[in-house]
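Got the model open in your viewer? Let's take a short walk through it, one selection at a time.

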2 protein chains.
Amino acid sequence: MKLAVIRLGHRTERDKRITTHCALVARALGAEQIVLCGEKDDKIVEGVEKVARQWGGKFYITYSPSYRTTLRKFKKQKYRLVHATMYGEPIQQVAKKIRKEKKIAIVVGAEKVPREVYDESDYNVSVTSQPHSEVAALAIILHELQDGRELDKKFPKAKIKITPQTRGKKVSKRN
Amino acid sequence: MKLAVIRLGHRTERDKRITTHCALVARALGAEQIVLCGEKDDKIVEGVEKVARQWGGKFYITYSPSYRTTLRKFKKQKYRLVHATMYGEPIQQVAKKIRKEKKIAIVVGAEKVPREVYDESDYNVSVTSQPHSEVAALAIILHELQDGRELDKKFPKAKIKITPQTRGKKVSKRN
């Protein structure tokens, strides 16, 4: 299963940390790329690229000014669009069906998502119908679609690596 | 299982959205309360209380200036402390064991977590050993400890309620 994330409506000032978290969650939990739509933000792109270089694995972050063009492009590449929204169908009810798809782009909105996105998406999916966090929703959707296997994902060619400990920190670094 | 969340080292300006997301994720995904430690921030407390009033269920948010006192208080009340940290043991390996505990407080740090927190915690638990997001880590830990049942949690006496839709939004309100 190929997984991508599309972040809609990024606002440089207000969303910098939330969008960064979305990008890092996408990478850590098994997506191959994230596309940022909305305001241009080189700092986030560079920051995430740096993490990907240091911590290994393959991950791409790109910017696109138009979400419409981006959604269309992914559809042409045969991605199914899974829009994360508190108004959608519960992930626990639709995960099994979505897991059969080969290419999935998870669409994560910021403040106000245009109606068009609901209509263009193949699935509108909720992680509870409660207000909480697009970062958490993205994480749970990635987790459910991969059935937890993403937690064991390897990140080859890492320069920094953590060895899990019951207490304290163990970090190894190489050049 | 009783679940609480303790948010460490909140900084009013820098963390306002991330801490709010942590609180809302705690509520939406089955915790009963969150305690904010660090800088005092009435706005977040009031905002989360408002969500809890409108969206139903029981959820408490409180502030404590001292994380040390807070950890001690929870320990006295027989909570086991589960510290979310990228340096800890993989959640998928320890979830089964932790699920047997009756009272769990998940400790979520901001920037730099004092060594003491690693030592005082009963479990140091990671959601991958990759850098990503405390919001996502909290969500996955809550999800794993409740085995996904939290997604079906009911929120009684809600004034606002969403009915899941394949497309579009369905919201009902009452006074």
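Start by colouring chain A and chain B separately: a turn of 180 degrees with a shift of 0.0 Å along the axis lays chain A on chain B with an RMSD of 0.0 Å (a least-squares superposition on the C-alpha atoms of residues with pLDDT of at least 70 in both copies). That is how a two-fold axis relates copies. This is a predicted model, where local features need pLDDT of at least 70 and side-chain atom pairs pLDDT 80 or more, while totals for chains, interfaces and linings use all residues. Residues are numbered from 1 along each chain as its sequence is written, and chains are lettered from A, ligands numbered from 1, in the order written.

Now click Ala136(A): of chain A's residues, its C-alpha comes closest to the rotation axis, at 2.3 Å.

Next, select the contact between the chains, with 41 residues from chain A and 41 residues from chain B (contact means C-beta atoms, placed from the backbone, within 7 Å). Which helix gives the largest share of chain A's side? Pick α1(A), which supplies six residues. Chain A's side divides into 21 nonpolar, 15 polar and five charged residues (Ala, Val, Leu, Ile, Met, Phe, Trp, Tyr, Cys and Pro are nonpolar; Asp, Glu, Lys and Arg charged; the others, Gly among them, polar). 100% of chain A's interface residues are interface residues in chain B too, so the copies meet through the same surface.

Last stop: where α1(A) meets α6(A), show Ile18(A) and Leu138(A), among the residues in that contact (helices are DSSP runs of H or I, at least four residues, numbered from the N terminus).

Conventions:
Contact = placed C-beta atoms within 7 Å. Helix = DSSP H or I, 4+ residues; strand = E, 2+ residues; numbered from the N terminus.
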